[in-house]
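Dear colleague,

Please find below the structure I am handing over to you, with its sequence. My findings follow directly after it.

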Amino acid sequence: MKKTLLTFAVVLAIASASNAQTKIPPNIEKLLQKNTCLACHKVDVKLIGPAYKDVAKKKYKPEQIVELIKKPVPSNWPGYIPMAALPNVPADEALTIAKWITTLK
Ligand code: HEC
């Protein structure tokens with residue numbers, strides 16, 4: 001019993017350590033902050049919007065993500081409030097963010 005608990009504690013410790021490693025690269029974080037994305041999105045947990053890791057699971061091409069930032073399709077995410085369209089995110093910044101999202105696992 002004690003051993004099981006210990007194993008469990010070790011597994012938990014490893015799991016939380018690897019979770020903490022999902023760091024946003026500084027250049028991306030700057031763009032996400034500037035464009036207010038972080039108010040609604042986190043990398044690995046659902047906030048107001050879906051976790052970027054869950055967005056990555058949809059296997060979009062970066063260009064599709066850029067389009068979805070400009071013109072969200074709320075029916076892609078049942079159970080979420082619709083994302084406000086963000087047409088003013090500069091194209092190059094949107095593409096940089098989009099490429100990064102597609103690399104998330
Ligand atoms: C006010 C909150 C809010 C902000 C700010 C916001 N989002 Fe969202 N986002 C959402 C919600 C809610 C959804 C899910 C519903 C939807 O797609 O309409 C979503 C969905 C998405 C999706 C998935 C689109 C799809 O159809 O699969 C992407 C990609 C995304 N957001 C990226 C961004 C980026 C990049 C920014 C910053 C430029 C941003 N979001 C800012 C709330 C937000």
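In this predicted model, the arrangement around the iron atom of the ligand is octahedral, because its six donor atoms subtend angles of 83 to 179 degrees. For six octahedral donors, the ideal angles at a metal are 90 or 180 degrees.

The protein supplies His41 through NE2 and Met83 through SD, and these donors lie 2.0 to 2.1 Å from the iron atom. His41 belongs to the loop between α2 (26-34) and α3 (52-56), while Met83 belongs to the loop between α4 (62-70) and α5 (91-103); the pair therefore ties together parts that are 42 residues apart in sequence.

The two residues may also be described by their accessibility. His41 has a relative accessibility of 11% and so counts as buried, the limit being under 20%. Met83, with a relative accessible area of 35%, is partly exposed.

Both residues reappear in the description of the largest pocket, which holds about 570 Å³ of space. Its lining consists of 27 residues, and those closest to the pocket centre are His41, Pro50, Leu68, Pro72 and Met83. The elements that contribute two or more residues to this lining are α3, α4 and α5. Of these, α4 gives the most, with three residues.

As to the chemical character of the lining of the largest pocket, 22 residues are nonpolar and five are polar, and no charged residue takes part.

Yours sincerely

Conventions: Residues are numbered from 1 along each chain as its sequence is written. This is a predicted model: local features need pLDDT of at least 70, side-chain atom pairs count only at pLDDT 80 or more; totals for chains, interfaces and linings use all residues. Side-chain values use heavy atoms; hydrogens and water are left out. Donors are N, O and S atoms within 2.8 Å of the metal (3.2 Å for Na, K and Ca); water is not among the atoms, so sites may look incomplete. Four donors count as tetrahedral if all angles lie between 85 and 135 degrees; four count as square planar and six as octahedral if opposite donors are over 155 degrees apart and all others between 65 and 115; anything else is irregular. Helices (H or I, at least four residues) and strands (E, at least two) are DSSP runs, numbered from the N terminus. Buried means under 20% relative accessible area, exposed over 50%, partly exposed in between (1.4 Å probe, protein chains only). On a 1 Å grid over the protein atoms alone, a cavity is a set of points where a 1.4 Å probe fits but cannot get out, and a pocket is an open set with protein on both sides within 12 Å along at least five of seven lines; lining residues have an atom within 4 Å of a point. Grid points are joined across faces, edges and corners, and a volume is the space filled by probe spheres set on the points. Ala, Val, Leu, Ile, Met, Phe, Trp, Tyr, Cys and Pro count as nonpolar, Asp, Glu, Lys and Arg as charged, and the others, Gly among them, as polar.
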